[in-house]
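Biologist: Could you take me through one part of this model slowly? I am new to this, so please explain the terms as we go.

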Amino acid sequence: MKEEQTYAEQMMRMVRERQQKNEENLFNHVNNIDDGYVIIQYEKLKLSKRELVDGKITMTFPEEFQDMDDEAIKVKYPEEDRPRYIYCNQETTVSFNFNIEEEQVKNEEIEEVKDILKRQIMRLYSISKAEMDELIQTEQGKTVGVFAIEIPVLDGTLFQISYFMSTKGGLLIGGFNCDADEKKEWSPVVKQLLTTIEEQ
């Protein structure tokens, strides 16, 4: 006759089942920012609505990402016309950046702006091809122009998503960067995050 499990054994079995389920979720998870988190490279990143760009916009954003420190900025953006606002993970391997140019652009002109800036970047990296070339609508009804490109760098290949949106203060120009090996995971997440941008 099979012995009944003790209460402690039942609890341990439940804990093991839950751990196994969580491990499976790490491997088979489909990221949806409405869950309040995403899983990238088997790491869970919590998301929350954040004020960015000195409070000019809010956006659902990884909680871990903070202002990039000055030393890292000098290394990653040695040129003088570097982005004004840069947020990165702790390892500084993944980052978002934002600028607001004073030039006024209408919402309906964003597609044209995107195409012009894409052509300029493609001239610099003629061997690369544009990806994710599209328009995204935010929850606030604004248009975000988006395109991506892989850029060869000294230690590998960088995946960069560029995005543009009209704001009261001018043209919001942003960029997302990660290693090209992570683009498959990050691309759909970044697109979802961009839909949450709200002008303040």
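Biologist: How many bridges join strand β3 to β11, and what surrounds that part?

Modeller: Happy to help! First, a word on the source: this is a predicted model, where local features need pLDDT of at least 70, side-chain atom pairs count only at pLDDT 80 or more, and totals for chains, interfaces and linings use all residues. Residues are numbered from 1 along each chain as its sequence is written, and side-chain values use heavy atoms, with hydrogens and water left out.

Now to your strand. Two bridges join β3 (residues 57-62) to β11, and these strands run antiparallel. Strands here are DSSP runs of E with at least two residues, numbered from the N terminus, and two strands pair if DSSP finds at least two bridges between them. Within this pairing, isoleucine 57 stands opposite glutamate 199 in β11.

Let's step back to the whole sheet. Four strands form an open sheet with antiparallel pairing, in the order β1-β2-β3-β11. At the edges stand β1 (37-40) and β11 (198-199); each has a single partner strand, so one side of each is left without a neighbour in the sheet.

Next, the aromatic rings. A pair of aromatic rings is described by the distance of the centres and the angle of the planes. Rings of Phe, Tyr and Trp (its six-membered ring) pair if their centres lie within 6.5 Å; planes under 30 degrees apart count as stacked, over 60 as edge-to-face and the rest as tilted. By this rule there are 10 aromatic pairs. In one of them, phenylalanine 61 and phenylalanine 96 have ring centres 4.8 Å apart and planes at 55°, so the pair is tilted. Phenylalanine 61 lies in β3 and phenylalanine 96 in β6 (residues 95-101), so this pair ties together parts that are 35 residues apart in sequence. Phenylalanine 61 is buried (under 20% relative accessible area, with a 1.4 Å probe and protein chains only), at a value of 0%. Phenylalanine 96 is buried too, with a relative accessible area of 0%.

Follow β6 along and you meet another pair: phenylalanine 98 and tyrosine 163 are edge-to-face, 5.8 Å centre to centre with 65° between the planes. Phenylalanine 98 is in β6 and tyrosine 163 in β9 (residues 156-167), so the pair ties together parts that are 65 residues apart in sequence. Phenylalanine 98 is buried at 0%, and tyrosine 163 is buried at 1%.

These rings share a bigger picture: Phe61, Phe65, Tyr87, Phe96, Phe98, Tyr163, Phe176 and Trp186 form one aromatic cluster.

Definitions and conventions
Buried < 20%, exposed > 50% of the residue type's maximum accessible area, 1.4 Å probe, protein only.
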